Amino acid sequence: MLKDITIGQFFPGNSVVHRLDSRVKIIITIAFIVMLFLPNSFYGLGIGMVFVLGAFLLSRIPFKMMLKSLKPLIPILLFTGILNLFFISTGDVLFEWKLIKITTGGATTAAFMIIRIIGLIIGSSLLTYTTSPIALTDAIERLLSPLKKIKLPVHELAMMMTIALRFIPTLIEETDKIMSAQKARGADLETGSLIQRAKALVPILIPLFVSSFRRAEDLALAMECRCYHGGEGRTRLKQLKTAPRDYIALFVTAGFIALTVLADKML
Amino acid sequence: MAIIKTENLTYVYGEGTPFRKVAVDSVNLEIEEGEFVGVIGHTGSGKSTLIQHLNGLLKPTDGKVFIDGEQLWEDKKRLRDIRFKVGLVFQYPEYQLFEETVYKDIAFGPKNMGLSEDEIDRRIRETARMVGIREELFDKSPFELSGGQKRRVAIAGVMAMEPKVLILDEPASGLDPKGRDKILGQIREYHKEKKNTVLLVSHSMEDVAKHAGRILVMNKSKLYMYDTPVNVFAKADELSNMGLSVPQITRVFKRLSAMGVNVGEEVYTVYFAKDLTMKLLSNK
């Protein structure tokens, strides 16, 4: 059950997409989101989808992983689809029965929204699949660094993110272990009413909190022992460097945005 | 009939990802009732994965597990009952403590079994005595106890279910030598008193040699040997090749016999060595 969580899951590889500078990848992802929200026609949206699917092919991430990231969002997709389908009533009526009325307007909006959300999920999971969490937070720190001028603690924010991301797998593992230990003592997590199940979580949550506090304390101590004192004058083991391929990628992305806008206007 | 039996047991982690790893590779095993088995193996040899199959926490990728003649995973509803039959104490079990008082925490397992109040009370008092937890501590919060006490409360929590098989994963790790001997001694007392099957997972050959009647050696996900200590330690060279060692005292006596002193090769505990030496000395 816990193994299915894919947030921040890095899928190591050596493709072009993997090797792109992480800052460039974040910028491209944002540009791609713009690409998804600019168009009002299926043509423009289609170009955006071609872009993200092309990037997916280039990354050589198994197709299965893409489906895996979509799976938990199926309820949301269905919900959005159904809401749009039934509650938008513009255009010709396709089907009518008592209170239910489906119109062409509703159907196209529903399809549009679903494709848009699928695109969003694929795009953002592609970013986390191809970029290690450390590279990602490094890039965020660098991209946000102008905000230091207005006294935003950028380094601290990035450090908190790094730590949080770093501890997701650890905490998942820990939860798994505690769950196993309590199951071995006959804890029943799968059956019973909602209240019974909520109560069954107590033996898992308390040890989890206790160990998280212990871990936080240990980590703080370890950081202090290594003289951590914030971002001032801190250097990096891996410097972010842009290569020609990064400029090419940015150029291609800009091209796709232009195409999207054009397709939307012309067709 | 063997209480634990595995047929071709195989378990693969992360199938279909770049992190795929065979953790347990076609293990065939039969453990008789009442046995005290030491399970040894290098870190990552698959011993922890193996034992999690014995109470149905992990589902084998391939192969079968039988407990007391009953095949696991045939009926998922039976798993919970199997878990009462095969008690598993994880590494660092003190991290699973959660109740307000020591008494309630030990009661968690027996309560899940649906036993009567009286029976639960009897079991708590009995197991607490066995692991050396005084009754004054019953009303304390488990988080107030010392490390060794917490560990013993957690072990008592599993013992109180009175499982037919008790499996302990490194019950003594992270304790000082005194706490170590105390816990292992108590586990041996438990085995003597209850005549139940006990599996003790350990890194330490000394501990295993001192307590176990049979030794199960895991190496590179495979079952390497399952035999008596004498036969296992006879293969000292093979063991050291896989990064395991025989007890120090065995090495000393092997060397002595290589030098021509007639001491035999079956020495693996200090006590036995002492008796043997005394005997040899008095014969002179």
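Student: How many residue pairs are in polar contact across the interface of chain A and chain B?

Tutor: This is a predicted model. For chain A against chain B, both residues of a pair must reach pLDDT 80 or more to be counted. On that basis the rule finds five pairs.

Student: Which helix gives the most to the side of chain A that touches chain B?

Tutor: Two helices of chain A, α8 (154-184) and α10 (202-225), each supply at least two residues of that side. One of them leads with six residues. That helix is α10(A).

Student: How do the residues of the side of chain A that touches chain B divide into nonpolar, polar and charged?

Tutor: Chain A puts 19 residues in contact with 24 residues of chain B. Those on the chain A side divide into 10 nonpolar, three polar and six charged.

Student: Which side chains meet in a salt bridge between chain A and chain B?

Tutor: The rule finds one salt bridge across this interface. The N to O distance is 3.2 Å. The cut-off is 4 Å, so the pair qualifies. The partners are B:D105 and A:R185.

Student: Which residues of chain A lose the most area to chain B?

Tutor: The area buried between the two chains is about 1900 Å², with 63% from carbon and sulfur atoms. Three residues together make up 35% of what the chain A side buries. They are A:A184, A:R185 and A:G186.

Student: What ipTM does the predictor give the complex?

Tutor: Chain B averages a pLDDT of 89, and 99% of its residues score at least 70. For the complex, the pTM is 0.74. The ipTM is 0.85.

Student: What distance separates the centres of domain 1 and domain 2 of chain B?

Tutor: Domain 1 of chain B spans 2-242, and domain 2 spans 247-284. Their centres are taken over C-alpha atoms. The separation is 32 Å.

Student: Which three residues supply 55% of the area that domain 1 of chain B buries against domain 2?

Tutor: Nine residues of domain 1 of chain B are in contact with seven of domain 2. The area buried between these domains is about 700 Å², 73% of it from carbon and sulfur atoms. No other three residues of domain 1 supply more than B:E206, B:V230 and B:F233.

Student: Which helix of chain B gives the largest share of the domain 1 side that touches domain 2?

Tutor: Across this domain interface the rule finds zero salt bridges and two residue pairs in polar contact. α7 (205-211) and α8 (229-233) of chain B each supply at least two residues of the domain 1 side. The largest share, four residues, comes from α7(B).

Conventions
Residues are numbered from 1 along each chain as its sequence is written. Chains are lettered from A and ligands numbered from 1 in the order in which they are written. Side-chain values use heavy atoms; hydrogens and water are left out. Contact means heavy atoms within 4.5 Å. Buried area is the accessible area (1.4 Å probe) that two parts lose on being put together, summed over both. A polar contact is a pair of N or O atoms within 3.5 Å; within protein, one must be able to donate a hydrogen and the other to accept it, and residues adjacent in sequence count only if both atoms are side-chain atoms. Ala, Val, Leu, Ile, Met, Phe, Trp, Tyr, Cys and Pro count as nonpolar, Asp, Glu, Lys and Arg as charged, and the others, Gly among them, as polar. pLDDT is the predictor's confidence in each residue, from 0 to 100. Domain bounds come from an automatic or database domain assignment.
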